Amino acid sequence: MQQLAAKATPGDYSFVVLGDSRGNEAVFKKALSVAATYRPLFILHGGDYSDKGSDEETRKFLSLVESTVPAIPVFVVFGNHESPAVFEKLVAPRQYRFGSKRLGLRVLVVDNAGEELKAPELSFLEKELATAPQATFLAMHVPPETSRWRGHTFTDGASELARVIASSGPVQASFFAHSHVYDRDLFGGKPAFISGGAGAPLAWMSRYGERVYHIIVVRVKNGRASYQMVPLK
């Protein structure tokens, strides 16, 4: 990613968000292929690439990513269908950050797949946000409960997360998955998105969101982000 960031225009670059690709390789491959047409700096996967988190599923997922978008870095959030041991061995830590100093970009990834956000994760976010650049984004798997998002959400630690986001100027948006829909809300006064439509069976009913396979294209122009949901047709 640093090689791509070194060539990117600091005032105008894009990345793609998607999530919940388990169970439908064809849709996920299409999601990656469509994402590549936007020439993104990276792809952020919101978790649940597997059904049972097995070593075999994980290696198959990584192989599909490598063969479909070999030149695009893909960063993955830990989902509730993943195995902690396999994920940490083959994919990534469950809590990490990445970004580009040159672009003024940082993405903070934490694990809330247990439907709670604990003190260590909140402390990590607060510490990172104290020195965060202008374009900072948060990513975790399970969305928080809001007045709009009820069901398939988390409440333990949600109010603390909202406080952290509201008090941090650099946070531009938060990305979640878990619910197999697309939706947008405000959380902590900032845009928040659910992107769970990269292949998993779409929600058969939901009180919120669009039941659509999709990706989200995030364009950061002059330090400010805009968002486009792109349906997979």
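Two strands are said to pair if DSSP finds at least two bridges between them, and the strands (E, at least two residues) and helices (H or I, at least four residues) named on this tour are DSSP runs, numbered from the N terminus. The model is predicted, so local features need pLDDT of at least 70 and side-chain atom pairs count only at pLDDT 80 or more, while totals for chains, interfaces and linings use all residues. Residues are numbered from 1 along each chain as its sequence is written, and side-chain values use heavy atoms, with hydrogens and water left out.

**First stop: a hairpin**

Select β10 (214-221) and β11 (224-231), together with the loop between them, where N222 lies. These two strands form a hairpin with two residues between them, and they pair in the antiparallel sense over eight bridges. To see one pair, pick V220, which stands opposite A225 in β11.

Now click on N222 in the turn, which has a positive phi of about 50 degrees although it is not a glycine. Is N222 buried or exposed? Its relative accessibility is 61%, so N222 counts as exposed, given that exposed means over 50% relative accessible area, buried under 20%, and partly exposed in between (1.4 Å probe, protein chains only). Strand β10, on the other hand, is mostly covered, with six of its eight residues buried.

**Second stop: the sheet around the hairpin**

Keep β10 selected and add β1 (12-18), which pairs with β10 in the antiparallel sense over six bridges. Two of the partnerships can be picked out by clicking: V16 has V217 of β10 as its bridge partner, and F15 has V218 of β10.

Extend the selection to the whole sheet, an open one in which five strands follow the order β3-β2-β1-β10-β11 with mixed pairing. At its edges are β3 (74-76) and β11, each of which pairs on one side only. Neighbouring strands of this sheet are turned by 25 degrees against each other on average, direction ignored; here axes are lines fitted to C-alpha atoms, for helices over the stretch in contact, and angles run from 0 to 180 degrees between N-to-C directions.

**Third stop: two helices**

Next show α2 (25-36), which lies across β1, β2 (43-45), β10 and β11 and runs at about 175 degrees to β1. Two packed helices are described by the angle between their axes and the distance between the axes. Add helix α3 (residues 55-68), and look for the place where the axes of α2 and α3 come within 10 Å and cross at roughly 40 degrees. The contact (heavy atoms within 4.5 Å) is made by E25, F28, K29, L32 and S33 of α2 and by K60, F61, L64, V65 and T68 of α3.

**Fourth stop: D20 and H180**

Go to the loop between β1 and α2 and select D20, which lies there. D20 has a positive phi of about 55 degrees although it is not a glycine, and its relative accessible area is 0%, so D20 is buried.

Which residue's side chain makes a polar contact with the side chain of D20? The partner is H180, at 3.2 Å, where a polar contact is a pair of N or O atoms within 3.5 Å; within protein, one must be able to donate a hydrogen and the other to accept it, and residues adjacent in sequence count only if both atoms are side-chain atoms. H180 is found in the loop between β7 (171-176) and β8 (182-187), and H180 is buried as well, because its relative accessible area is 11%. Not counting residues up to four places away in sequence, H180 touches D20, R22, G196, A200, P201, L202 and A203.

**Last stop: the six-stranded sheet**

From H180, move to β7 and β8 and show the open sheet to which they belong, with six strands in the order β4-β5-β6-β7-β9-β8 and mixed pairing. The edge strands are β4 (96-100) and β8, each pairing on one side only. Within this sheet, strand β6 (residues 135-139) pairs with β7 in the parallel sense over four bridges, and F137 stands opposite A173 in β7.

Finally, add the helices that pack on the sheet. Helix α5 (residues 119-129) touches β4, β5 (105-109), β6 and β7, and its direction makes about 170 degrees with that of β5. Helix α6 (residues 158-166) touches β6, β7, β8 and β9 (190-195), and its direction makes about 70 degrees with that of β8.
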